[in-house]
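Student: Could you take me through one part of this protein closely? I would like to see how two helices pack, and then what surrounds them.

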Amino acid sequence: MVKTDVFIEKAINEIQERAKGKKVVIALSGGVDSSVCAVLAKRAIGVNLVPIYVDTGLMRKGETERIKTVFHDFHPIIVDGSHEFFTALSGITDPEKKRMVIGEIFIRIFEREAKKSKAEFLLQGTIYPDRIESEGGIKSHHNVGGMPIDIDFKGIIEPIQDLYKDEVREVARTLGLPPEISDRMPFPGPGLAVRVLGDVTEEKIRIVREANHIAEEELINQYNPWQCFAALLGLGTGVKGDNRIHGWIVALRAVNSRDGMTADPVPVPFDHLCKIGQRITSEIPEVSRVVYDISPKPPATIEYE
Ligand code: XMP
């Protein structure tokens, strides 16, 4: 990448040129990519920027409240799309289909909101690895390959589409964003939907959200992994009191990586893993088994779907 401040100036100029005098909606997710884009766009076009945060119902614990606080000055429009997402995802088990469905609903919500605010452009935080993986047919990122063809926008602006994640973080720091944002670990666009194997229900999302929260609390500060999370693998047998029950199997994953293209498992000490497992099964009664994933990428991917 060219020098960070040169990149910033160029990106701001390009946004100004493309969106001259027009309103632009931005999909604010709270991650480093969309936050960097929001700051660049705010500097470029000021009040013509319309930030929209969609609560898909598939977000991490406390995320919507966090957005309201952290991006207070951006006055984001908060849209509760959870009902729409859960309805559309009902019965869908194929991971790519999930991504397509989520991408489709996302864009339709944005079109609706854009019409209300008379915005003509959509600004997205797509980064280089998203494009590579979508173009290479590995998976369709919901903001790239999962995008419906007939998008009702005059244009899409993707200011950081040539950057890797670590470069985006550097830009974030240079823009003065706090470490809470610049160092925030990646979270997939389709959210917790790809952390539930098979079909998505509100109940499964509630369980994986709680497990994910515990995984983050236990692992982030102690090991500073590139990414960590919990996923819901399926039902297995367990015992509660004298009874054999069906309980959920939760997988914990913590990896180190440079850009998500390859990754290695974090060697979390066994004692700590047991403690996390105990926390999860006692705080979430529906879970009876916790496993730790020791797979590197490749051959595994970071997410489960
Ligand atoms: P995988 O699972 O492919 O993940 O090894 C590599 C990185 O990409 C994130 N990821 C996604 N991000 N939309 C996104 O915006 C997606 O559909 C998606 N799938 C995976 C994943 O969390 C990891 O950081």
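**Two helices and their setting**

Tutor: Start with helix α2 (residues 32-45) and helix α7 (residues 165-174) in this predicted model. The two pack at an angle of about 45°. Their axes are 10 Å apart. Angles under 35 degrees would count as roughly parallel, and 65 to 115 as roughly perpendicular. α2 and α7 are therefore oblique to each other. Their crossing is left-handed. Which residues make the contact? From α2 come V32, D33 and V36. From α7 come K165, V168, R169, V171 and A172.

Now step back to the whole chain. It is divided into domain 1 (4-182) and domain 2 (201-292). The C-alpha centres of these domains lie 28 Å apart. Twelve residues from domain 1 and twelve residues from domain 2 take part in the contact between them.

Next, look at the nonpolar cores. The largest has 50 residues. Within it, V25, L58, F110, L252 and I280 touch the most other members. Helix α5 (residues 95-117) supplies the largest share, eight residues. Both domain 1 and domain 2 give residues to this core, so it lies between them.

Take L58 from that set. Leaving aside neighbours within four places in sequence, L58 is in contact with a list of residues that includes F86, L89, I102, F187 and P190. The list also includes G191, L192, A193, V200, I205 and R209. Another core lies apart from the largest one. This other core has 36 residues, among them F7, I26, A44 and I45.

Note on methods: Residues numbered from 1 in each chain as written. Predicted model: local features only at pLDDT ≥ 70, side-chain atom pairs only at ≥ 80, totals over all residues. Heavy atoms only, no water. Core = buried A, V, L, I, M, F, W, Y, C linked by side-chain atoms within 4.5 Å. Buried < 20%, exposed > 50% of the residue type's maximum accessible area, 1.4 Å probe, protein only. Helix = DSSP H or I, 4+ residues; strand = E, 2+ residues; numbered from the N terminus. Domains from an automatic or database assignment. Contact = heavy atoms within 4.5 Å. Axes fitted to C-alpha atoms, helices over the stretch in contact; angles between N-to-C directions. Parallel < 35°, antiparallel > 145°, perpendicular 65-115°, else oblique. Left-handed = near helix turned anticlockwise from the far one by under 90°.
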